Amino acid sequence: MLELKNIVKKYDGVTILDHVSLDIQKGEIVSILGPSGSGKTTLLNLILGITDVNSGTIHYDGEDITNVPMEKRGFNIVFQDYALFPNLNAYENIVYGLRNKPDISTKEEVNEFIHLLGLEEHLDKKIDQLSGGQKQRVALARTMVMKPKILLLDEPLSALDGVIKESIKSKIKEIAREFDLTTIIVTHDPEEALTLSDQVLIINEGKISQYGKPSEIINKPENSFVENFILNQLEIKRNNIYNLFERCTATA
């Protein structure tokens with residue numbers, strides 16, 4: 001279990017996270033949802049170990065890891081821009097981390113991840129030959145072969161559309177379930193968070209507005225911010241889809 005207790009983070013005297021406490025169970029998919037500037041990416045970075053807390057503690061399986069450096073936490077992240085190496089092909093990107101830690105995954109296990117993510121036919125391709133969805137799957141495979149204790153995803157679906165987005169959502173769920181892998185996702189999209197996650201954390205101005213199951217968020221919002229944020233964002237998405245449909249119909 002991952003436990004955050006009274007986490008405070010400040011930059012130049014400005015409070016970004018204000019006494020955030022959170023428990024995440026092993027194998028859960030948790031989305032961190034909130035408007036731009038709410039502190040969600042800062043929270044992800046604190047869990048990963050990129051950023052230090054000003055006060056509070058972080059525990060993993062009962063061990064205090066607050067001051068444990070990132071490379072020793074055993075967590076791993078898939079960045080929004082994938083951070084793949086353009087000079088390497090897909091397979092070389094996938095196994096890149098095993099150069100320094102070859103014993104983490106066997107060749108058979110690497111092939112299992114490749115098969116799970118449907119990448120067999122793309123292994124020899126350079127990164128610029130891959131679609132956005134294929135790049136995302138390569139980034140996921142590269143992370144999975146390192147067998148992280150916790151998988152962190154920063155806006156994993158923001159650059160994807162339609163069927164590709166749904167496919168990646170399905171793969172994330174499948175990976176989390178098959179490997180009992182705790183997965184934490186930062187997103188600005190309520191629909192994405194509510195359909196992908198076991199638990200949703202909504203933060204605003206550095207404070208937790210609500211933490212609960214998607215059904216609780218939808219049916220029992222704890223305050224007006226949660227209710228308005230969810231409804232407004234979903235309405236914006238519906239309007240965008242409707243406007244796109246109208247434009248396509250007009251030009252057909």
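Q: Which residues does L119 touch, not counting residues up to four places away in sequence?
A: In this predicted model, contact means heavy atoms within 4.5 Å. With residues up to four places away in sequence left out, the residues that L119 touches are I94, I114, Q134, R137, V138 and A141.

Q: Which helix supplies the largest share of the largest nonpolar core?
A: The largest nonpolar core has 33 residues, and those with the most contacts inside it are I94 and L119. At least two residues of this core come from each of α3 (90-94), α4, α5 (132-144), β7 (150-154) and α6. The largest share, five residues, is supplied by α5.

Q: How many residues does the second, separate core have?
A: Apart from the core around I94 and L119, there is a second, separate one that includes L17, L43, V186 and L201. Its number of residues is 26.

Q: Why do the buried residues of α6 lie on the same side of the helix?
A: Helix α6 covers residues 162-178 and reaches 24 Å from its first C-alpha to its last, close to the 24 Å expected at 1.5 Å a residue. Its buried residues are K165, I168, K169, K171, I172, I175 and A176. They lie on the same side of α6 because the arc they cover around the axis is only 160°.

Q: Is E109 buried, partly exposed or exposed?
A: E109 lies in helix α4 (residues 107-116), and it touches I104 and K147 when residues up to four places away in sequence are not counted. Buried would require under 20% relative accessible area and exposed over 50%. Because its relative accessibility is 25%, E109 counts as partly exposed.

Notes: Residues numbered from 1 in each chain as written. Predicted model: local features only at pLDDT ≥ 70, side-chain atom pairs only at ≥ 80, totals over all residues. Heavy atoms only, no water. Helix = DSSP H or I, 4+ residues; strand = E, 2+ residues; numbered from the N terminus. Expected span 1.5 Å × (residues − 1). Buried < 20%, exposed > 50% of the residue type's maximum accessible area, 1.4 Å probe, protein only. Arc of directions from axis to C-beta. Core = buried A, V, L, I, M, F, W, Y, C linked by side-chain atoms within 4.5 Å.
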